[in-house]
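Take a moment to turn the model around on your screen before reading on. This report goes with it and walks through the fold, the hollow spaces and a few chosen residues.

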Amino acid sequence: MCGSGGRSSKTFKPKKNIPEGTHQYDLMKQAAATLGSGNLRLAVRLPEGEDLNEWVAVNTVDFFNQINMLYGTITEFCTEESCPVMAAGPKYEYHWADGHTVKKPIKCSAPKYIDFLMTWVQDQLDDEALFPSKIGVPFPKNFLTIAKTILKRLFRVYAHIYHQHFGQVVQLGEEAHLNTSFKHFIFFVQEFGLVDRRELAPLHELIEKLTSRDH
């Protein structure tokens with residue numbers, strides 16, 4: 001069933017590209033090569049001699065692109081009618097606030113929430129003061145705090161997809177792709193303590209299942 005619901009494809013954000021020829025680009029290629037080996041625990045570790053901020057930045061951009069793509073495959077099923085609230089199962093509901101334009105959390109549909117969220121993340125990634133792509137430009141002192149907020153929010157999109165749209169993901173034959181992407185995300189945030197356990201609660205059982213095989 002396709003819910004029309006007047007959805008625009010606005011939520012599907014343009015891919016954020018890391019400029020070729022930069023150190024971050026080399027790091028990204030290195031990360032992709034390690035990922036190809038299939039050992040995700042190894043793939044998330046900070047490469048020797050590398051800067052933690054830069055490693056977190058490159059991976060955050062990668063997760064944004066992955067989630068963007070995964071959500072893009074199910075936008076027709078995620079409508080105002082099917083998902084009037086941004087939920088991850090019956091116990092978890094998210095209200096949107098970005099602390100700047102929306103200070104008081106607002107209740108909104110999942111497609112609207114995810115659109116706000118992805119636009120907000122994209123604005124942060126495009127801000128050279130927060131995510132410098134030029135060599136020699138330092139990261140802000142509070143960079144890891146910024147990255148933690150971004151990753152915490154990106155997790156919510158995974159949580160919504162798993163709880164509300166997993167059946168559709170399976171129908172589309174995308175579940176292996178979703179599971180690998182999410183497992184990579186979880187190993188990464190666990191490796192560097194980037195998302196609080198409480199925040200991960202909506203997918204606690206799945207996380208246990210996905211990570212217990214790789215201890």
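What follows is a short tour, from the whole chain down to single residues.

**The overall picture**

Please keep in mind that this is a predicted model. The protein's secondary structure comes to 7 helices and 2 strands. If you read along the sequence, the pattern is α-α-α-β-β-α-α-α-α. The protein has 215 residues, and 47% of them count as buried. About 11100 Å² of the protein is exposed, with carbon and sulfur atoms supplying 53% of that area.

You can also look at which parts of the chain meet. Take the contacts between residues at least 6 apart in sequence: 73% of these join residues at least 24 apart.

**Two hollow spaces**

Now let us look for empty space. The structure holds 1 cavity of 30 Å³ or more, and the largest cavity has about 40 Å³ of space. The largest pocket has a volume of about 180 Å³. The table sets out the make-up of the two linings.

| Space | Nonpolar | Polar | Charged |
|---|---|---|---|
| Largest cavity | 4 residues | 1 residue | 1 residue |
| Largest pocket | 5 residues | 3 residues | 2 residues |

Which residues line the largest cavity? They are Leu70, Thr73, Ile161, Val169, Glu174 and Leu178. Helix H3 (52-74) and helix H5 (143-171) are the elements that give two or more residues to this lining.

The largest pocket is lined by Val189, Gln190, Gly193, Val195, Arg197, Leu200, Ala201, His204, Ile207 and Glu208. Here the elements that give two or more residues are helix H6 (175-191) and helix H7 (204-212). H7 provides the largest share of the pocket lining, with 3 residues.

**Two cysteines without a bond**

How many disulfides does a search of the whole structure find? The search finds 0. Cysteine 78 is a good place to see why: its closest cysteine sulfur, in cysteine 83, is 4.0 Å away, which is too far for a bond. The cut-off behind this reasoning is that the two sulfur atoms of a disulfide lie within 2.5 Å. Seen from the other side, cysteine 83 is in no disulfide either, and the nearest cysteine sulfur to it is that of cysteine 78.

Are these cysteines buried or exposed? Cysteine 78 counts as buried because its relative accessibility is 0%. Cysteine 83 counts as buried too, at 5% relative accessibility. For both, the cut-off is a relative accessible area under 20%.

**Glutamate 54 and proline 202**

Let us finish with two more residues. Glutamate 54 lies in helix H3, the helix that also gives residues to the lining of the largest cavity. With a relative accessible area of 16%, glutamate 54 is buried. Leaving aside neighbours within four places in sequence, glutamate 54 is in contact with His23, Gln24, Leu27 and Phe139.

Proline 202 sits in the loop between H6 and H7, and those two helices both contribute to the lining of the largest pocket. Its relative accessible area is 8%, so proline 202 is buried. Not counting residues up to four places away in sequence, proline 202 touches Ala88, Tyr92, Tyr94, Phe155, Ala159 and His163. Try finding alanine 87 as well: it is 115 residues away from proline 202 along the chain, yet their C-alpha atoms are separated by 9.6 Å.

Technical notes. Residues are numbered from 1 along each chain as its sequence is written. This is a predicted model: local features need pLDDT of at least 70, side-chain atom pairs count only at pLDDT 80 or more; totals for chains, interfaces and linings use all residues. Side-chain values use heavy atoms; hydrogens and water are left out. On a 1 Å grid over the protein atoms alone, a cavity is a set of points where a 1.4 Å probe fits but cannot get out, and a pocket is an open set with protein on both sides within 12 Å along at least five of seven lines; lining residues have an atom within 4 Å of a point. Grid points are joined across faces, edges and corners, and a volume is the space filled by probe spheres set on the points. Helices (H or I, at least four residues) and strands (E, at least two) are DSSP runs, numbered from the N terminus. Ala, Val, Leu, Ile, Met, Phe, Trp, Tyr, Cys and Pro count as nonpolar, Asp, Glu, Lys and Arg as charged, and the others, Gly among them, as polar. Buried means under 20% relative accessible area, exposed over 50%, partly exposed in between (1.4 Å probe, protein chains only). Contact means heavy atoms within 4.5 Å. Accessible areas come from the Shrake-Rupley method with a 1.4 Å probe; for residues, only the protein chains shown count as cover.
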